[in-house]
Amino acid sequence: MKVRKTMAAALAALLGVGLLAGCGSGSSNQPTAKSQDNSAAGGDVIKVGANYELTGGIATFGNSSVNGIKLALEEFNQAGGVNGKKIELVTADNKSDAAEATNAMTKLVTQDKVVAVLGPVASSNVLAAEPVATQNQIPLVTSSATNPKVTVDPATNKTRDWIFRTCFIDPFQGDVAARFSFNDLKAKKAAIYVDQSSDYSKGLAEAFKSGFTKLGGEIVSEEAFVAKDTDFKATLTKIKAKNPDVIYVPAYYEEVGKIIRQARELGLTQPIVGGDGFDSPKLLEIAGKSALTNVFFTNHYTTMDTSPVVQEFVKKYKDKYGQEPDALAALAYDAAKVLFEAIKTAGTPDPVKIKDALAATKDFKGVTGTITLDAQHNPVKSAVIMEYNNGALKFRTRVEP
Ligand code: PHE
């Protein structure tokens, strides 16, 4: 079933290429037939796609992101757009699923004829959308996918020409968690509990392990689950027997919420540490207030940052949506602005020119930090460490790269 779905997605991607292949889009200076189509099709608007997790296992991530993008869009268009032309957003729901992320990308590119795409959130979903972007030569900017493979092909070690990100990467994020666990929590023995179905989770586990062992810590238990699992007690019991000082769970809120609740029910009182995947109001709902204590996670930004640029954004977002912007919202707001500025710099909705402008992104002052993209299409940004005690979230510290 799963295989069939993936094959169908691959076929759809190939068809997408087929439809556009006759355009000779190889040259980097000449506007391609494809891009002329795009501008012609849009008339007075320039279409940008948003491929996000609007339903499914990580739906709060996708919805926050699209909220952030819409705020950026409104501001950008009000400020004059691209030489008077407005940008129009076309959203597609990838249902928090890799095969669906491929389908959504294909639809945006071949049917909606967007000139660039924002999203998805999850690394595995971006990796599933990547072949469609690359083959059709449409820039993809992810606001939040942190796995290194997203922008650099591990097989060739080459930067993927059409893929960009505006967030930090997991070798940094995992190392921050390792240093915090060892130095601040004084942990010497760690257990790692990883989501085997997620590139994000596996990459973060690897980074934590390498950082923690380098400091002299020991990994006493490595266990795995897969997304959508609901009963973690047997494995947590195994972890408990190893008596770790800290449990690192680099995964998303839906499973993490259940893991935290069940760990506490089993009497595991140790600190539980994780990454940006904890950042959802659903975490508290699922774990419950009393279980959500002695819990720490690395993240990209916090509303508790008192800097004017953050506070101004928080106010605008709250006025528009009546809720606090989480990191996903702030990240996507920044990613959208970076992309819109690149389209403006390109001056025409030519994907090749947009890609070149994206690659040249320098000193962009965002809500989540200053963004300069390096040769691997990654920015260098700081992380924050957040702490939950009895369900209440607190800003613990900021870690510079
Ligand atoms: N970094 C996660 C990934 O790559 C996505 C994410 C980012 C989730 C920010 C929450 C907050 O899959």
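**Exercise 1.** Which polar side-chain atom lies 2.5 Å from an oxygen atom of the ligand?

*Solution.* The model is predicted, so local features need pLDDT of at least 70 and side-chain atom pairs count only at pLDDT 80 or more, whereas totals for chains, interfaces and linings use all residues. Residues are numbered from 1 along each chain as its sequence is written, and side-chain values use heavy atoms, with hydrogens and water left out. The atom in question belongs to S123. The ligand also has a nitrogen atom 2.9 Å from a polar backbone atom of S144, and a nitrogen atom 2.8 Å from an N or O atom in the side chain of D276. Taken alone, the ligand exposes 330 Å², of which the protein buries 100% (accessible areas by the Shrake-Rupley method with a 1.4 Å probe).

**Exercise 2.** Describe the shell around the ligand, and explain why the ligand lies between two domains.

*Solution.* Begin with the count: 13 residues surround the ligand (a heavy atom within 4 Å), and the closest are S123, S144, T146, Y252 and D276. Next, sort the shell by type, which gives seven nonpolar, five polar and one charged (Tyr counts as nonpolar, Asp as charged, and Ser and Thr as polar). Finally, domain 1 (7–168 + 310–371) and domain 2 (170–299) both give residues to this shell, so the ligand lies between them; the bounds come from an automatic or database domain assignment.

**Exercise 3.** Locate the cis peptide bond from G119 to P120 and the positive phi of N83.

*Solution.* Most residues other than glycine have a negative phi, and most peptide bonds are trans. The bond from G119 to P120 has omega near -5°, and P120 is found in the loop between β3 (116–118) and α5 (123–136). N83, with phi near 50°, is placed in the loop between α3 (59–78) and β2 (86–93) (DSSP runs, helices of at least four residues and strands of at least two).

How values were computed. A polar contact is a pair of N or O atoms within 3.5 Å; within protein, one must be able to donate a hydrogen and the other to accept it, and residues adjacent in sequence count only if both atoms are side-chain atoms.
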